[in-house]
Amino acid sequence: MPPRLGVIIASTRPGRVGLPVANWIVAAAEAHGGFEVERIDLAEIRLPFLDEPKHPRLGEYEHEHTKAWSETIAACDVFAFVMPEYNYGVTAPLKNAFDLLHREWSHKAVAFVSYGGVSAGLRAASQMTQIVSALNMTVAGSLPIPFVRGLVEDGTLRPNEVMEQAAPALLDELARVEEGTRSLRPRAA
């Protein structure tokens, strides 16, 4: 059974370009064939802001939305965060979604598909590198997309040649890193 790749869409804003970017990377991952792919849209999930009374490290969740989020993340072996940069940083919905849990993220591989203007979301990806390291996640790489709005037509991302070459290479590396981290994760009971 191939590893499960969770493609997490970090932007929840109306009119966001995260959805077309995510749809493109999901299609690339499906074409790659090395993963079972799940699209995870934070705009649809609508997680409340840090509302659990106990520290996530304990895993003693009281709210059904946190329990469901825990199951979703625990079921994934590897992640691709599709993320813009807001004010030089990570989006609040992504940070909140990450902070709600603890062990569910641990020892999993992650890649960043960042987008934006000239900076292509690289400062947010840099911040997420620091954040994911706290839970022993391994960064497999990133795919920055500058001037992304110019690549979206009628709600569909039209990748350029560089992106077409970069996506399979990133997915290959994500698969390789996932294989290396697999033995570090607790086995399911």
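The following legends describe close-up views of a predicted model. Local features are restricted to pLDDT of at least 70 and side-chain atom pairs to pLDDT 80 or more, whereas totals for chains, interfaces and linings use all residues. Residues are numbered from 1 along each chain as its sequence is written, and side-chain values use heavy atoms, with hydrogens and water left out.

**View A. The largest nonpolar core has 32 residues.** A nonpolar core is a set of buried Ala, Val, Leu, Ile, Met, Phe, Trp, Tyr and Cys residues joined through side-chain atoms within 4.5 Å. Buried denotes under 20% relative accessible area, exposed over 50%, and partly exposed the range in between (1.4 Å probe, protein chains only). Leu5, Val7, Ile145 and Leu174 have the most contacts inside this core. Two or more residues each come from S1, helix H1 (18-32), S3, strand S4 (109-115), strand S5 (138-145) and helix H6 (161-181); H1 gives the most, with 7 residues. Helices (H or I, at least four residues) and strands (E, at least two) are DSSP runs, numbered from the N terminus.

**View B. The surroundings of Ile145 are shown with a separate core.** With neighbours within four places in sequence left aside, Ile145 is in contact (heavy atoms within 4.5 Å) with Val21, Trp24, Val113, Ser114, Tyr115, Gly116, Ala120, Leu151 and Met163. Apart from the largest core lies another of 28 residues, including Met83, Leu94, Ile131 and Leu135.

**View C. The buried residues of helix H4 (92-99) are Leu94, Asn96, Ala97 and Phe98.** The buried residues of H4 pack against S1, H2, H3, S3 and helix H5 (122-133). Phe98 also belongs to an aromatic cluster with Trp69, Phe79, Phe81, Trp105 and Phe112. In total there are 6 aromatic pairs, a pair being two rings of Phe, Tyr or Trp (its six-membered ring) whose centres lie within 6.5 Å.

**View D. Glu36 and Arg4 form a salt bridge, with an N to O distance of 2.1 Å.** The pair links distant parts of the chain, as Glu36 lies in strand S2 (residues 36-41) and Arg4 in strand S1 (residues 4-9), 32 residues apart. Glu36 is partly exposed, with a relative accessible area of 27%. The structure holds 14 salt bridges, each defined by a side-chain nitrogen of Lys or Arg within 4 Å of a carboxyl oxygen of Asp or Glu.

**View E. A network of salt bridges links Asp77, Glu178, Arg182 and Arg185.** Within this network, the closest N and O atoms of Arg185 and Glu178 are 2.7 Å apart. Both Arg185 and Glu178 are buried. By contrast, the salt bridge of Arg158 and Glu153 (3.9 Å, N to O) joins two partly exposed residues, Arg158 at 41% relative accessibility and Glu153 at 44%.

**View F. Tyr88 has a positive phi, near 70°, and lies beneath a charged group.** Tyr88 is located in the loop between strand S3 (78-83) and helix H4 (92-99); this residue is exposed, with a relative accessible area of 55%. The charged end of Arg123 sits over the ring of Tyr88, 3.7 Å from its centre. The criterion is NZ of Lys or CZ of Arg within 6 Å of the ring centre and within 35 degrees of the ring normal. Likewise, the charged end of Arg13 sits over the ring of Tyr86, at 3.8 Å from its centre.

**View G. Arg46 is a residue other than glycine with a positive phi, near 55°.** Arg46 occupies the loop between helix H2 (42-45) and helix H3 (64-74). Its relative accessible area of 66% makes Arg46 exposed.

Definitions and conventions. Phe/Tyr/Trp six-rings, centres within 6.5 Å; stacked < 30°, edge-to-face > 60°.
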